[in-house]
Amino acid sequence: MRRKMVKSTISIALVAIAGLFLVEGCGSENVVNGNASAGEVTVVDEKVPMDAQPQDAKEYFAKGVYASYAAELENPEKTYFYVFEGDGQGHVEDGDAGTGQYFVYEQKEDGTVEFTFGNDDPITDILTVSSYENGLVTGAFEDTIDVIFEPVEGEDPDTFDAVNYVHAQRGEDFTYTSANGWSVRYNPEKFEVNTGGPVTTFVYTGECAGTNMITVTYTVDNDAEGAIKALGEAYGDDASYSEAPFLGNEDITGYWVTTPVDTEGSGSYMTAVARDYMDGALVFELTGHMSGDEMLDIEVSDYLADIIDSVQFVN
């Protein structure tokens with residue numbers, strides 16, 4: 001199995017406020033004057049359809065996910081999203097940068113929406129809506145160009161992941177990010193991901209012999225060396241131990257345990273590596289089976305190795 005190890009790093013940056021991140025361009029100023037009692041509406045800018053004006057400004061943004069992009073762009077790549085969670089709050093997500101920012105919002109009766117971005121040093125910006133039709137919102141933040149907010153059908157705001165949404169559109173691997181501060185990349189067509197407390201499993205679903213999976217466990221009941229010794233005892237007398245830099249990181253000691261392939265039986269083998277992590281141990285355990293078909297076995301081991309090689313940490 002391949003052993004290419006990659007030094008673990010990850011970049012975290014604050015996302016730019018939507019009114020500032022968009023490319024410079026020209027927008028249109030739309031003014032609507034009306035007399036509700038008389039039933040008369042005068043549209044100053046004909047680009048805004050009369051039947052597109054909502055009866056109630058609160059209808060602009062429903063709970064859901066909206067892709068946001070400059071109105072002047074043709075066939076824009078949708079990588080920036082507003083996630084409206086309901087109850088006047090939400091967050092923005094940048095699917096390219098993997099960053100996000102919390103916001104609160106208030107939809108007003110005068111055709112504006114007030115956003116306050118951030119917690120520690122909040123910034124307030126006003127979105128003036130110029131057009132609303134079939135859920136599609138067009139407007140401009142103060143001193144910026146027109147922006148479109150397009151509902152993303154079928155996406156749940158409670159579970160939406162902008163990074164994986166963008167990766168899916170591009171046919172790329174997904175990213176799994178743990179609450180414990182580590183992440184890996186995996187092929188969603190080849191792996192099923194299961195989480196339960198401190199344990200995450202990546203189960204290979206492609207053609208293979210037996211079970212092929214990676215189990216990641218964070219424990220506070222042991223250090224890295226002790227966790228590996230405990231696994232080795234479960235593996236049996238064939239287990240062998242070693243120490244080496246953790247997944248290519250020269251500054252971190254990795255503790256390894258491996259078993260040889262069972263060539264006379266099921267073709268099973270085990271490999272695990274652990275490091276000391278956050279007052280405990282983080283363990284990556286690979287459970288594999290060889291089929292005897294060299295091409296098939298190489299393909300499976302490469303997919304498993306890709307996950308291990310992609311490990312990164314927030315800190």
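Two strands pair if DSSP finds at least two bridges between them. Strands (E, at least two residues) and helices (H or I, at least four) are DSSP runs, numbered from the N terminus. This is a predicted model, in which local features need pLDDT of at least 70, side-chain atom pairs count only at pLDDT 80 or more, and totals for chains, interfaces and linings use all residues. Residues are numbered from 1 along each chain as its sequence is written, and side-chain values use heavy atoms, with hydrogens and water left out.

**Exercise 1. Trace the pairing from β7 through β8 to β9.**

Step 1. Start with β7 (residues 112–117) and β8 (residues 123–133). They run antiparallel, joined by six bridges. T112 has T128 in β8 as its bridge partner.

Step 2. Look at the connection. β7 and β8 form a hairpin with five residues between them. G118 lies in that turn and has a positive phi of about 90°.

Step 3. Move on to β9 (residues 136–141). Six bridges join β9 to β8, again in the antiparallel sense. One of the bridge pairs is S131 with T138 in β9.

Step 4. Inspect the second turn. Two residues separate β8 and β9 in this hairpin. N134 in the turn has a positive phi of about 55°.

**Exercise 2. Which strands stand at the edges of the sheet β11-β12-β20?**

Step 1. Write down the order. The sheet is open, has three strands in the order β11-β12-β20, and its pairing is antiparallel.

Step 2. Count partners. β11 (174–177) and β20 (312–313) each have a single partner strand, so they are the edges and one side of each lacks a neighbour in the sheet.

Step 3. Check one pair. β12 (residues 182–186) pairs with β20 over two bridges, antiparallel. W182 has F313 as its bridge partner in β20.

Step 4. Add the helix. Helix α2 (residues 162–170) packs on the sheet and touches β11 and β12 (contact: heavy atoms within 4.5 Å). The direction of α2 makes about 165° with that of β11. Axes here are lines fitted to C-alpha atoms, for helices over the stretch in contact, with angles from 0 to 180 degrees between N-to-C directions.

**Exercise 3. Describe the second largest cavity.**

Step 1. Fix the term. A cavity is a set of points, on a 1 Å grid over the protein atoms alone, where a 1.4 Å probe fits but cannot get out; lining residues have an atom within 4 Å of a point. Grid points are joined across faces, edges and corners, and a volume is the space filled by probe spheres set on the points.

Step 2. Search. The whole structure holds two cavities of 30 Å³ or more. The second largest has a volume of about 50 Å³.

Step 3. Find the lining. Its residues include C208, Y269, H289 and D297. Helix α4 (residues 294–309) gives the largest share, three residues.

Step 4. Sort by class. The lining has five nonpolar, four polar and one charged residues. Ala, Val, Leu, Ile, Met, Phe, Trp, Tyr, Cys and Pro count as nonpolar, Asp, Glu, Lys and Arg as charged, and the others, Gly among them, as polar.

**Exercise 4. Is D143 buried or exposed?**

Step 1. Locate D143. It is in the loop between β9 and β10 (146–151).

Step 2. Apply the cut-offs: buried is under 20% relative accessible area, exposed over 50%, partly exposed in between (1.4 Å probe, protein chains only). D143 has 84%, so it is exposed.

Step 3. Check the backbone. Phi of D143 is near 65°, a positive value in a residue other than glycine.

Definitions and conventions: On a 1 Å grid over the protein atoms alone, a cavity is a set of points where a 1.4 Å probe fits but cannot get out, and a pocket is an open set with protein on both sides within 12 Å along at least five of seven lines; lining residues have an atom within 4 Å of a point.
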